[in-house]
Amino acid sequence: MTKTSLDVADLKTAARTAPEIDPARVMLQSSGQCWREYMVRVPADFVADDLKEPGVWRKLQNGSRNALRKFDRLFIVAYDETWVAEAIVASADMKSVVLAKPRVTTMPTRFDKLFEDDKYRVAWNGFGYIVERKSDGHPMTQATANAELATRLLANLYPARVA
């Protein structure tokens with residue numbers, strides 16, 4: 001029986017790379033005399049530990065109107081809203097942003113289940129509530145502001161009964 005050994009090069013290629021933040025998902029909350037405040041929604045596969053990586057902000061810093069500056073305040077929301085983080089920009093340049101000790105808060109789990117039936121379910125997609133097909137996860141409606149409206153749209157997917 002031969003013993004397999006892990007190669008260091010294999011470990012580096014298997015390492016996870018943090019997804020970059022889309023500038024369209026960064027919204028200005030307020031702009032004051034000294035600093036600005038932003039709300040940032042991160043991509044679906046983004047984890048709180050990725051906030052330590054300065055390179056995730058590259059797209060935002062590369063010519064965006066919302067490019068971050070030193071002392072800007074950030075309110076960062078996970079894609080599925082399971083956690084939020086508050087941070088202050090410690091330094092920023094054209095390629096990266098360093099955050100000063102982001103404070104991560106875990107949000108409580110939903111206690112009210114979103115509506116679903118045998119074919120469709122109401123789900124959060126990062127922009128709003130949608131109806132998606134259970135069989136393949138295909139979105140059937142546009143994003144809506146609340147779950148009740150998405151539930152109503154789900155009912156409209158079925159043909160109406162004729163009396």
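**Entry 1: Trp35 and its patch.** I located Trp35 in the loop between strand 1 (26–31) and strand 2 (36–41) of what is a predicted model. Its relative accessibility is 35%, so I recorded Trp35 as partly exposed. I then looked up its surface partners: Trp35, Phe71 and Ile88 make up a nonpolar patch with about 280 Å² of accessible area together.

**Entry 2: second largest pocket.** I noted a volume of about 190 Å³ for the second largest pocket. Ile88, listed above in the patch, also belongs to the lining of this pocket, as do, among others, Gln29, Tyr38, Phe75 and Arg103. Strand 2, strand 3 (73–77), strand 4 (83–92) and strand 5 (97–106) are the elements that each give two or more residues to the lining. By character, I found seven nonpolar, one polar and four charged residues there.

**Entry 3: salt bridges.** I counted nine salt bridges in the structure and examined several.

Arg36 and Asp72 pair through their side chains at 2.9 Å, N to O. Arg36 lies in strand 2 and Asp72 in the loop between helix 2 (58–61) and strand 3, so this contact ties together parts 36 residues apart in sequence. I recorded both Arg36 and Asp72 as buried.

For Arg41 and Glu81, the closest N and O atoms of the salt bridge are 3.1 Å apart. This pair links distant parts of the chain, 40 residues apart: Arg41 is in strand 2, and Glu81 is in the loop between strand 3 and strand 4. Arg41 is buried, with a relative accessible area of 14%, whereas Glu81, at 32%, is partly exposed.

Lastly, I noted the salt bridge of Asp136 with Arg133, at 3.0 Å between the closest N and O atoms. Arg133 is partly exposed, at 27% relative accessibility.

Technical notes
Residues are numbered from 1 along each chain as its sequence is written. This is a predicted model: local features need pLDDT of at least 70, side-chain atom pairs count only at pLDDT 80 or more; totals for chains, interfaces and linings use all residues. Side-chain values use heavy atoms; hydrogens and water are left out. Patches are made of residues with over 30% relative accessible area and no salt bridge: like charges are joined within 9 Å, nonpolar side chains (Val, Leu, Ile, Met, Phe, Trp, Tyr) within 5 Å. Accessible areas come from the Shrake-Rupley method with a 1.4 Å probe; for residues, only the protein chains shown count as cover. A salt bridge is a side-chain nitrogen of Lys or Arg within 4 Å of a carboxyl oxygen of Asp or Glu. Helices (H or I, at least four residues) and strands (E, at least two) are DSSP runs, numbered from the N terminus. Buried means under 20% relative accessible area, exposed over 50%, partly exposed in between (1.4 Å probe, protein chains only). On a 1 Å grid over the protein atoms alone, a cavity is a set of points where a 1.4 Å probe fits but cannot get out, and a pocket is an open set with protein on both sides within 12 Å along at least five of seven lines; lining residues have an atom within 4 Å of a point. Grid points are joined across faces, edges and corners, and a volume is the space filled by probe spheres set on the points. Ala, Val, Leu, Ile, Met, Phe, Trp, Tyr, Cys and Pro count as nonpolar, Asp, Glu, Lys and Arg as charged, and the others, Gly among them, as polar.
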